Amino acid sequence: MDPRAKNEFTVQGISASPGIAYGQIFVYIQSDVEVPGYDVDGAKRIEEVARFDRALVTTRQQISKIKSEVEKNIGPEEAMIFDAHLMVLEDQALIGETIREFEATGRNIETCFNKVSTRYIQAFAEIDDAYLRERAGDIRDVAQRVLQNLLGQAENSLSRLADKRVVVATDISPSDSASIDRSAALALVTDSGSKTSHAVIVARSMNVPAVVGVRDLTKRVKSGDWAIVDGYEGVVILNPAESTLFRYGKIQERKKTFESRLMEASRQPAVTLDGVAVTLMANIEKVEEAKQVKDFSAEGVGLYRTEYLFLNSSRIPTEQEQFLAYKAVAEAVAPQPVIIRTLDLGGDKPMAGNEDLFPKEDNPFMGFRAIRFCLEHTDIFKDQLRAILKASAHGRVQLMYPMISGAAELARANAVLAECMAELRSRHQPFDEKLAIGAMIEIPSAAVTADLLAKNCAFFSVGTNDLIQYLLAIDRVNDRIAHLYEPTHPAVIRTLKQIVDEAHKARIPAGVCGEMAGDPIFTPLLLGLGFDSLSMAPAWVPSVKYLVRAMTMADARALAAEALTMSSPKEIYAKCDSFYRTRVKME
Ligand code: PEP
Ligand code: MG
C-alpha cells in the first residue's frame with residue numbers, strides 16, 4: 001500500500017473557478033501589520049503629517065500600477081475593483097480623522113491611522129447590506145498597504161513564490177490576488193469567501209482552479225504538503241495516494257479533451273442530426289458581456305437584463321446614458337438581434353439607496369417589481385423606452401416586457417411605448433418603426449391567457465426561473481425549499497407546452513430564457529416541446545450546442561411526448577438525464 005494513502009484526507013469547499021491542479025502547497029496567512037506606538041515631538045509634527053502624505057501617494061501609485069496591470073492582463077471590469085481601493089485613499093473623512101486624531105493625541109501617525117481605519121472597518125462590517133459589508137474588505141486591504149508603506153515594509157510573499165505552488169490562504173484580498181506571481185500560482189484555496197468575492201473573480205480571470213470556504217484549512221496543512229485542487233467539485237485532497245493521483249490525472253485529461261471538443265462544436269451551426277436548425281442565444285447583464293456573444297458563437301442576445309445598469313449605479317441612469325449602453329450592445333452584436341428587456345427592478349433586485357422608490361416589502365417576489373413598477377413610474381419607464389427606441393436605429397433591437405400578467409397590462413405598456421414613439425417622431429429622431437415587441441411569460445396568469453397575449457405581441461420568451469417559482473409556489477431564493485424547485489414537475493411541462501402551442505397557433509416564435517434553457521439536460525425536452533430558441537449564459541452555449549448536434553429532433557419530440565404522460569418529476573428528470581448521457585460522453 002502506498003504509505004501516503006493513510007495520510008490522505010479530503011475537504012469540501014465551494015467551487016469558485018473550474019479546473020484541476022496538483023502541486024505543493026504554499027500557506028499564506030494574511031496577518032495584520034504590527035504597528036509600533038510612540039509619541040511624536042512637537043517639532044516633528046509637520047514632518048509626521050508629510051510622511052503620511054507620502055505614504056498615501058506611494059499607495060496610490062502602487063494601486064494604480066496594479067490596476068493597469070490587471071486591466072491589461074485580465075480586463076477592465078476586474079480592474080474596477082481597484083477604483084474602489086483608490087476611492088478609499090480619497091476618503092476625506094478617513095484621512096481627515098487620522099490627522100485630527102494625530103493633532104489631539106500626538107501619537108505616531110501609524111497608530112492614529114490604524115485606530116481610525118479599524119473603527120471604519122468595524123462600522124462597515126456591521127452594516128446590514130452585503131455590498132457595503134464587502135467595502136470593509138476594500139478598506140482593510142488599502143489600510144494594510146498604507147501601514148506597510150509607512151513602516152517601509154516590502155510587499156507580501158505572494159508576489160515572490162519560489163516555485164509553482166497551490167496557494168492556501170485564510171483569505172485573498174484583491175491586491176493579494178493581483179500581486180500573486182501568476183506564473184507560479186497553480187490554484188487558489190481559501191478558508192473564507194463566497195462565490196461572489198472579489199478574489200474569486202480575479203482567480204477566474206487568471207484561469208486557475210479555485211476553491212473557497214474550506215474552513216480552517218490553513219490550520220490543518222503546512223507549506224510543502226501536496227494537494228489536488230478540484231475546482232469543478234469544490235474539493236481539495238491533501239496528501240493524495242498514488243491511486244487518487246492516477247484517477248485525477250484521468251479526469252483532468254478527459255475534462256480537457258471534452259472542453260476543447262465543446263469549443264470546437266460551438267463554432268459549428270446548431271443543427272440536429274436530422275437537420276433541424278435551432279437558435280441558441282445569450283443572456284447578458286452588462287455592456288461588456290456583448291463581446292462574449294461572438295466568443296461563444298451565440299446567435300445574438302435573447303435576454304439583456306437592463307436592470308444591472310441601474311443596480312451598478314447609485315442613481316437612476318439618464319436616458320442618454322441608457323441609450324449609449326443599449327446602442328453599444330446593439331452594435332457589438334449586429335447583425336444578430338438583441339432582445340432588450342425593460343426594467344425588472346424590485347423583488348430580489350431592489351435598487352439600494354432608493355428606499356422611497358422601493359419600500360421594503362414582506363413578499364417582494366409577489367410585490368412591486370418589473371412592469372408593475374414601470375407602469376407606476378412612467379417617467380423612469382419612458383426614459384428607458386426612448387433610449388431603447390433610439391438604439392433600435394443602430395442594430396437589430398427587439399424589446400420585451402418582464403412580468404406581464406395579462407393582455408390588459410401588455411396594452412398599458414404598449415400605450416406608454418406608443419407615446420414615446422410619437423415623441424420621437426415629432427423630434428425626427430430615427431428608430432425602427434417595425435420594432436418587434438415581445439412579452440416574457442413568467443407568471444401563471446400569462447401562461448393561462450397565452451392565446452390572448454399572442455394576438456398582441458411578436459414573440460414570447462419564457463422566464464422559467466419565475467414561472468416555476470410561481471407555478472409551484474417555491475420561492476426561488478429560499479434554500480430551505482430549494483429541493484422542491486423542480487423544472488420537470490408535470491405542471492411545468494404542461495404549462496410550457498401550452499405556451500408554445502398558443503404561440504405557434506398565432507404564428508409567433510417562442511423561446512426560453514430562464515436558467516432551464518442553459519442546462520443541457522433540459523435541452524431535448526424544451527426543443528421537443530417545440531420551442532424555437534433557447535437563451536442562456538454565454539458560457540453554456542457550447543455544452544447546449546454540443547448536445548443539439550448529437551441528437552435528433554425526432555428523439556427529442558418523443559422524449560417530450562413521453563414526459564407529458566408521466567407524473568413523477570424525478571422520473572421525468574431521470575429520462576432527460578439518460579437522454580443526455582447516452583448522447584454526450586466525456587471519453
Ligand atoms: C426568468 O424569470 O426566468 C428570467 C429569465 O428572468 P429573471 O431571472 O431576470 O427574473
Ligand atoms: Mg424573471
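A polar contact is a pair of N or O atoms within 3.5 Å; within protein, one atom must be able to donate a hydrogen and the other to accept it, and residues adjacent in sequence count only if both atoms are side-chain atoms. The model on screen is predicted, so local features need pLDDT of at least 70 and side-chain atom pairs count only at pLDDT 80 or more, while totals for chains, interfaces and linings use all residues. Residues are numbered from 1 along each chain as its sequence is written, chains are lettered from A and ligands numbered from 1 in the order in which they are written, and side-chain values use heavy atoms, with hydrogens and water left out.

Begin by selecting ligand 1 together with Glu442, where a polar side-chain atom lies 2.9 Å from an oxygen atom of the ligand. Add Asp466, whose side chain has an N or O atom 3.0 Å from an oxygen atom of ligand 1, and then Thr464, where a polar backbone atom is 3.1 Å from a ligand oxygen. On its own ligand 1 has 290 Å² of accessible area (Shrake-Rupley method, 1.4 Å probe), of which the protein covers 99%.

Next, widen the selection to the 15 residues that surround ligand 1 (a heavy atom within 4 Å), the closest being Arg305, Arg341, Gly463, Asn465 and Arg476. Strand E10 (301-305) and helix H19 (464-472) each supply at least two residues of this shell, and H19 gives the most, with three; helices (H or I, at least four residues) and strands (E, at least two) are DSSP runs, numbered from the N terminus.

Now move to helix H3, residues 81-90, which is largely enclosed by the rest of the structure because seven of its ten residues are buried, meaning under 20% relative accessible area, with exposed over 50% and partly exposed in between (1.4 Å probe, protein chains only). The buried residues to select are Ile81, Phe82, Ala84, His85, Leu86, Val88 and Leu89.

The remaining stops are in loops. Between helix H13 (319-333) and strand E11 (337-341) lies Pro335, which a cis peptide bond joins to Ala334, with omega about 10 degrees. Select Met403 in the loop between strand E12 (396-401) and helix H16 (407-426): its phi is near 60 degrees, a positive value in a residue other than glycine, and Met403 is buried, with a relative accessible area of 0%. Finish at Arg507, between helix H20 (490-505) and strand E15 (510-512), where phi is likewise near 60 degrees, but Arg507 counts as exposed at 77% relative accessibility.
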